[in-house]
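Please consider the following structure with attention to one of its pockets and to the packing of some of its helices. The discussion takes these two topics in turn.

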Amino acid sequence: MDNQVDVIDRVIKNAIKVMEESKYQIYEILDSSRNEAISMSTELQMVMDQTAEICDKVDELERNYRLARLRLTDVSRDFVRYTEEDIKQAYEKATQLQLELMMYREKEGYLKTRRDDIQKRLRAIEGSVERAETIGSQMSVALEYLSGDLSQVTRILESAKTRQLLGLKIILAQEEERKRIAREIHDGPAQSLANLVLRTEIVERMLNKQEFEMVQNEIVDLKSQVRFGLEEIRKVIFNLRPMALDDLGLVPTLRKFIHDYEDKHRIKTAFEVRGQERRLRSAMEAAIYRLVQEAFTNAAKHAHPSFVTCELTYDEEEVRLVVRDNGFGFKVESLEEKSKEHAHFGLLGMQERVELLEGRMEIHSAENRGTRIMIKIPTNVDKREE
């Protein structure tokens with residue numbers, strides 16, 4: 001056994017060395033991509049400013065060109081008041097404005113094409129940055145795990161596979177959750193705020209032009225944009241931790257979630273509470289809420305049911321949770337094989353969460369016969385950590 005530990009020790013040290021070198025290379029690529037994204041964002045802002053100026057110039061030239069054509073029409077009709085020289089000057093001015101307008105329209109089209117191209121390249125670079133961050137965070141987690149106390153290797157080898165990887169999965173889950181929150185904020189509230197800034201600039205230009213009716217319409221749209229942004233922020237906050245869970249308790253929060261789930265996915269639902277409802281520890285209520293949330297989300301994503309039910313039973317020494325759906329179902333024996341293909345397979349994540357609560361989870365399913373998940377969580381553990 002000592003010889004095996006020495007061999008594993010050498011393998012792990014070599015792996016750490018290679019991963020350290022690769023990690024620095026990834027960080028260099030990441031820094032380069034970030035710098036390129038910053039440079040491209042600056043260029044995009046400059047192009048957008050130029051586009052705004054050209055658009056204003058095109059608007060001005062179109063107004064002047066219309067006036068010049070009216071002037072040309074007037075002098076061409078009235079030969080008594082205007083001389084041939086007046087007609088010639090009006091014609092030359094209209095022609096000059098027409099040529100200038102064509103030139104600026106061409107510039108406007110070029111700048112818009114350039115703007116779209118830069119935006120497309122910027123999105124691609126941001127995607128590369130996100131992938132590099134993911135790889136970097138995963139390598140950091142692996143390095144942190146491998147660089148621990150190697151004297152524990154023998155004990156780890158003798159543990160069950162799920163127990164070996166539990167700590168690593170928890171860290172990875174935390175990293176994924178941080179990334180998910182960052183993406184939600186970037187794609188939701190951040191985009192809404194950026195759009196608000198752009199719209200306020202448009203309102204400012206309209207005010208300068210004294211187009212008050214258009215300003216009023218734009219302000220109405222701005223109010224709806226602000227409401228939408230506020231709703232997006234509230235969704236992010238609710239997904240982090242529903243405030244109703246602390247204020248009202250588990251049952252009202254689950255009722256609201258299941259009602260919103262039915263509206264969002266157009267799937268019929270039912271929620272039933274049995275036994276004497278009571279408040280549980282905060283961490284336990286949060287865990288049960290997440291279990292229901294994960295079970296319902298998995299049903300909508302993978303089973304495509306028309307009906308999902310949830311039964312919550314309060315017993316003296318435990319809480320029982322049963323979630324049923326009439327969806328596609330699956331072979332329970334294939335769950336472990338699917339876990340190898342999908343790093344974040346939902347049911348396995350639920351299993352680990354239940355084990356942390358010292359509970360038990362049973363899954364009954366068959367193809368085209370729906371799925372039934374039963375979870376039992378003891379509530380009489382005096383020294384359970386929050």
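Which helices each supply at least two residues of the lining of the second largest pocket? In this predicted model, they are helix 1 (2-77), helix 2 (84-146) and helix 4 (161-208). The space in this second largest pocket amounts to about 1,100 Å³. Its lining consists of 31 residues, and those closest to the centre of the pocket are Q45, M48, Q119, A194 and L198. By class, the lining comprises 12 nonpolar and 12 charged residues, together with seven polar ones.

The second topic is helix packing. Two packed helices are described by the angle between their axes and by the distance between those axes. Both descriptors are available for helix 8 with each of two partners, helix 7 and helix 10.

Helix 7 spans residues 250-265 and helix 8 spans residues 282-303; their axes come within 11 Å and cross at roughly 15°. Angles under 35 degrees count as roughly parallel, and helix 7 and helix 8 are therefore roughly parallel to each other. The crossing in which helix 7 passes helix 8 is right-handed. On the helix 7 side, the contact is formed by L250, T253, L254, F257, I258, Y261 and H265. These residues meet E285, I288, Y289, V292, Q293, F296, T297, A299 and A300 of helix 8. The contact of helix 7 with helix 8 contains 11 nonpolar residues, four polar residues and one charged residue.

How are helix 8 and helix 10 oriented, roughly parallel or roughly antiparallel? The axes of helix 8 and helix 10, the latter comprising residues 346-356, come within 10 Å and cross at roughly 165°. Angles over 145 degrees count as roughly antiparallel, so helix 8 and helix 10 are roughly antiparallel to each other. Helix 8 passes helix 10 in a left-handed crossing. Helix 8 contributes A287, R290, L291, E294, A295 and N298 to this contact, while helix 10 contributes G346, L347, M350, R353 and V354. Six nonpolar, two polar and three charged residues make up the contact of helix 8 with helix 10.

Conventions
Residues numbered from 1 in each chain as written. Predicted model: local features only at pLDDT ≥ 70, side-chain atom pairs only at ≥ 80, totals over all residues. Heavy atoms only, no water. 1 Å grid on protein atoms, 1.4 Å probe; cavity = no way out; pocket = protein on both sides within 12 Å on 5 of 7 lines; lining within 4 Å. Points joined across faces, edges and corners; volume = space filled by probe spheres on them. Helix = DSSP H or I, 4+ residues; strand = E, 2+ residues; numbered from the N terminus. Nonpolar A, V, L, I, M, F, W, Y, C, P; charged D, E, K, R; others polar. Axes fitted to C-alpha atoms, helices over the stretch in contact; angles between N-to-C directions. Parallel < 35°, antiparallel > 145°, perpendicular 65-115°, else oblique. Left-handed = near helix turned anticlockwise from the far one by under 90°. Contact = heavy atoms within 4.5 Å.
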